[in-house]
Amino acid sequence: MTQTSPQTKPERRSSFIDRNLRWLMPGPAVLLLFVLTILPLIFNLVLSTQDRFVSAAQQSSFVGLGNYLDILRDERFWNSVWQMTKFTLIAVPAQLVFGLLIAMLLNRQVPAQGPVRALILLPMISTPVAIALIWALMFNPQLGVLNYFLETLGLGRSLWVADERLVIPALALVDIWQWTPLVAIILLAGLQTMPEEPFEAARIDGASPWQLFWRVTWPLLQPTLFAALTLRLIDALKTFDIIEVITQGGPGIASETLNVYAFRAGFEFFRVGYAASLLTMLLLLVTAIAVGVNLLRRAR
Amino acid sequence: MKRMFGLGMAALLVGSLGLAQNFNWEQARGTQIRVLLNQHPWTTAITPFLPEFERLSGVRVVVETFPEAQFRNKVLVELASGTGALDAFMLTPNQEGNLYLKSGWLEPLSSYVSNPALTAPGFDQADFFPASIRAASIGGGLVGLPIQQETTMLFYRKDLFQKYNIAVPKTFAELEAAAKALHNRDGVAGIGLRGRGAAATSQLAPYLFGHGGDWLSPNRRSRFFDTEWVNALTFYSGLLRNYGPAGSTTMSWPEITSLFAQGKLAMFTDGSLFKSILDDPRTSTVADKVGYAAFPAGPTGKRTPVAITWALSMSKASKNKTATWLFMQWATNKQNQLRVLLADVPASRKSAWNSAEYKAKDKTPEWSAINLEQLEYANPVWNPPVVAVGEVRDILGRAIVTAINGGNVRDALTRAATQTNTVLDKER
Amino acid sequence: MIFLRTKAGRDRLNNFVLNTLLLLVLVFLLFPFVWMILTSLRDQVQNTSAVPVWWFWPTLQNYRDVIVGNNFLFFTYNSFVIAAAATGLGLLFGLPAAYAIARFKLRGLAAWILVSRIIPYITFLLPWFLVFSNLRLIDTYLALIVTHLIITLPMIIWVMIAFFEDIPLDLEEAAMVDGMTRFGTFLRIVVPLVMPGVVTASILAFIYSWNQFLFSLILAGPNTKTVPVAVFNFISYGSINFGGIAAAAVLITLPVVILSLIVQRHIVRGLTSGGVKG
């Protein structure tokens, strides 16, 4: 494809570069990411086969898969998987449903279109620590504004994140607030890049708006929906900042997801080996789910 | 300037005037030390005076502060790295002391104290409360210089107790009766106590001792399934469930002191340090209504507050040990302990409390008297005496939350005991 | 209700209902920000009163406390240096990589770069900390910039793939017929064409680097502490300082909001391109 003449030296050099661009261009980035992610990952895998405390106060020893066997018997691990699952199962479907609704609301002539779209983005670009602190203030059972609203509406006060049963839904609410906009604009992009013809054809057949949605929009939107689903599943399973800032996994361990548990085990209980095994489990789960969703998408 | 300050110092160190001038404060001139501090009133009180030390010694002090949870993580991670980038740090010896000492991260300090070339004559170790020195001595040697010495006490609303004619509780039974009588009166909850899992451990401790219980048996097994434990946790969680504020399982001291400061609690028991938040009109709406009382007596008939000590410790990997030691002894000297006490931080030196200046300026003599009296008998073991203290606190914290939520106390404690024994097995 | 009988009338009603719904969505999404700003302008007594105080004489004391008492400008500067450098390096490494992936259809590589998104960040922390401590790089910009590349680099690559794919191949071939090398074409023809994409990718990378909390918590020190960590420090000993926390939150969020508002159109494009084509 490259048409370099063999006469001049500089061009020959660049032809070498050109011929190998496929490796040379991504090379540095790949190398960098390898050093920054894969090496620590390998180190982490090594750690996970050791019963290692962060200090020398307890002996380190090679335990093979011992940590993993312990994990399977650890009820706290199962609790954290369950909390993580609950959180994800509440947050992600809600984000998809509301995201789709908002995308459809935006996919028309909207007054002040530019500012509206910009404002909608605010939750997802704001610093998580900052917004988590604000939500924590709003959730406060005695002084928070959310309870004031509930009382004004004639509903009783709620304990919000102080209630073992409500804490995961309440945290999921923050996640929904934060990430529905992302789903909405991804789906909006999907809606706006749809071909016109199928809609025309359906309209000529006299389809109602409802039928139009289910027969044309919905099938055409599938790839985009799956993309948004994958993205959100991966991130929801790993949610850390908002849980750590608002509840630190409490009350008790009622909102302790696997990521938060691993952080506790590593940086509070100093059981580095065990924490590494927990993180490996988390990675396996996230990967399995990401792969699973993709298989589902292909099967369709 | 330096000379004048030296003279001023010397004048303060009563009885050692001549010697103080001979001590070489400048023996580490030109070095720099790095210090990690908890965001604690002591830190706030001492920080403005740091330039004084830098002028005196020629040592530059770089201070980093973090909120408590991050602070503890940060210190651990730094020490574990073994790089020696950290020189001194705040430590609650009863929490991380065992772990840090066994890991070989703490510099033993006894030889420094006894070396006249390193320690200024007016240092006077005997001036520290025996309880503070005991707390800061692990494995037989001193591993920290005490900077703060608090005890558990009862904080209550004088106006409400007066209005409803309730006597200040002297026993656990009276405490419960008062909580019951005041609960939901005038918009307050009867009593506040820490309920947030691990953070509640240290405040459950005095109730445990009051019921005659203890952490471990002599052969280092958990005693959590003892009847004393069941009684203590039943009492503690019952107070919170029946007369506590809504959502107590998420509350540690910041939430509880906030509630009290906003006039939404009739009383609470916690560290005496928190007075400074409650009697400050800028942060408290009940500043002029706070009453202080000794921790009440349990069924054993004894008053069993715990004594909580913060200390300043040196990293064994430090490369500037002389400079660090100079800083530590300066920061805990008589003058600075008086300064922090005047800023409402319960000091760990007797001389500060007994000084004429403090006595003249003391706005709450009853608080001071209680603190001093309680130090005579307070129990310094406010955490389970294990190496993996974070993990055991967490195990116990879950039992506490279960109990507050109305779960079966005996079952929760039995489970906690089993888990704790698994942890203890690894420490053998 | 006469207008309901006409199509235009029905449309107008429909639009009214839909716009009202949209307004409700906006209220829900923006309320926490409104509350944050109100809280930051009230004093502690107003913030802790049983009934929210909606009308009050605003005070700037909280901001003064945060900025003056907490050296906030210095932390902002740190955050800025780190995010800017991580973004710049991310572009340097990421643009060629994204171009190669788009042009040579390196699907496997694209997927592999996505993998870095799947790994929980906590996994990296302990190894990094041990390495950086041994290299004496804790509390240096270098350590933070390098680690923040893990956020900026994949993000830039991912956003840019879509932009590069949109450049018609003919254009490059024409340039190469004129005697330009392929790399020269990339630098002189392609990159200028994807400038909107570069701006978008940079701003997104900058924002997410700015927001990062965990890395700085462990790897930063007094000389390099970033704003999110500084805000956490502002949760001071003593009562929960509602106004101070809110003022600090406003101050961290402000630069990010301003940046994103300036380029909002591109941001939408950047965020969606990765998602849609992924």
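## A walk through chain B and its partners

B:Phe155 stands opposite B:Tyr292 in strand S8 of chain B. That pairing is a good place to start, but first some ground rules. This is a predicted model, where local features need pLDDT of at least 70, side-chain atom pairs count only at pLDDT 80 or more, and totals for chains, interfaces and linings use all residues. Residues are numbered from 1 along each chain as its sequence is written, while chains are lettered from A and ligands numbered from 1 in the order in which they are written.

**The strands around S6**

Helices and strands here are DSSP runs (helices are H or I with at least four residues, strands are E with at least two), numbered from the N terminus. Strand S6 of chain B covers residues 145-157. Is S6(B) mostly covered or hardly covered? Mostly covered: 13 of its 13 residues are buried. A residue is called buried if 20 or more other C-beta atoms lie within 10 Å of its own, exposed if 12 or fewer, and partly exposed in between, with the C-beta atoms placed from the backbone.

S6(B) also pairs with other strands, where pairing requires that DSSP finds at least two bridges between the two strands. The table lists these partners.

| Partner of S6(B) | Residues | Bridges | Direction |
|---|---|---|---|
| S9(B) | 307-314 | six | antiparallel |
| S7(B) | 267-271 | five | antiparallel |
| S8(B) | 290-294 | five | antiparallel |

You can pick out individual bridge partners too. B:Glu150 is matched with B:Ile308 in S9(B), and B:Met153 has B:Asp270 as its bridge partner in S7(B). As you look at these, keep in mind that side chains in a regular strand alternate between the two faces of the sheet.

**Two buried residues and their faraway neighbours**

Now try B:Met90, which sits in strand S3 (residues 88-91) of chain B. B:Met90 counts as buried because 23 other C-beta atoms lie within 10 Å. Which residues does B:Met90 touch, leaving aside its neighbours within four places in sequence? They are B:Leu37, B:Asn38, B:Trp310 and B:Leu312, where contact means that the C-beta atoms of two residues, placed from the backbone, lie within 7 Å. Take B:Trp310: it is 220 residues away from B:Met90 in sequence, yet their C-alpha atoms are 6.7 Å apart in space.

B:Trp325 tells a similar kind of story from a helix, H15 (residues 321-331) of chain B. With 25 other C-beta atoms within 10 Å, B:Trp325 is buried. Setting aside neighbours within four places in sequence, B:Trp325 is in contact with B:Tyr112, B:Leu118 and B:Met314. B:Leu118 is 207 residues from B:Trp325 along the chain, but 7.7 Å from it in space, C-alpha to C-alpha.

**Chain B as a whole**

Step back, and chain B has 21 helices and nine strands. Of its 428 residues, 58% count as buried. Among the contacts in chain B with a separation of 6 or more, 76% are between residues 24 or more positions apart. The C-alpha atoms fill a box of roughly 60 × 50 × 35 Å along the principal axes. The radius of gyration of chain B is 22 Å, which agrees with the value near 22 Å for a compact globule of 428 residues. That radius is taken over C-alpha atoms, and the globule rule is 2.2 Å times the number of residues to the power 0.38.

**Some backbone oddities**

Is B:Asn184 buried or exposed? It is exposed, because just 10 other C-beta atoms lie within 10 Å. B:Asn184 is in the loop between helix H10 (172-182) and helix H11 (201-210) of chain B, and it has a positive phi of about 65° although it is not a glycine.

Over in chain A, A:Trp160 also has a positive phi, about 50°, without being a glycine. The loop that holds A:Trp160 runs between helix H8 (145-152) and helix H9 (167-192) of chain A. A:Trp160 is buried, with 26 other C-beta atoms within 10 Å.

Helix H10 (residues 197-204) of chain A is hardly covered, with zero buried residues among its eight. After H10(A) comes A:Gly206, whose phi is positive, near 80°.

**Where the chains meet**

The contact between chains C and A takes 72 residues from chain C and 73 residues from chain A. On the chain C side, helix H1 (residues 7-40) gives the most, with 13 residues.
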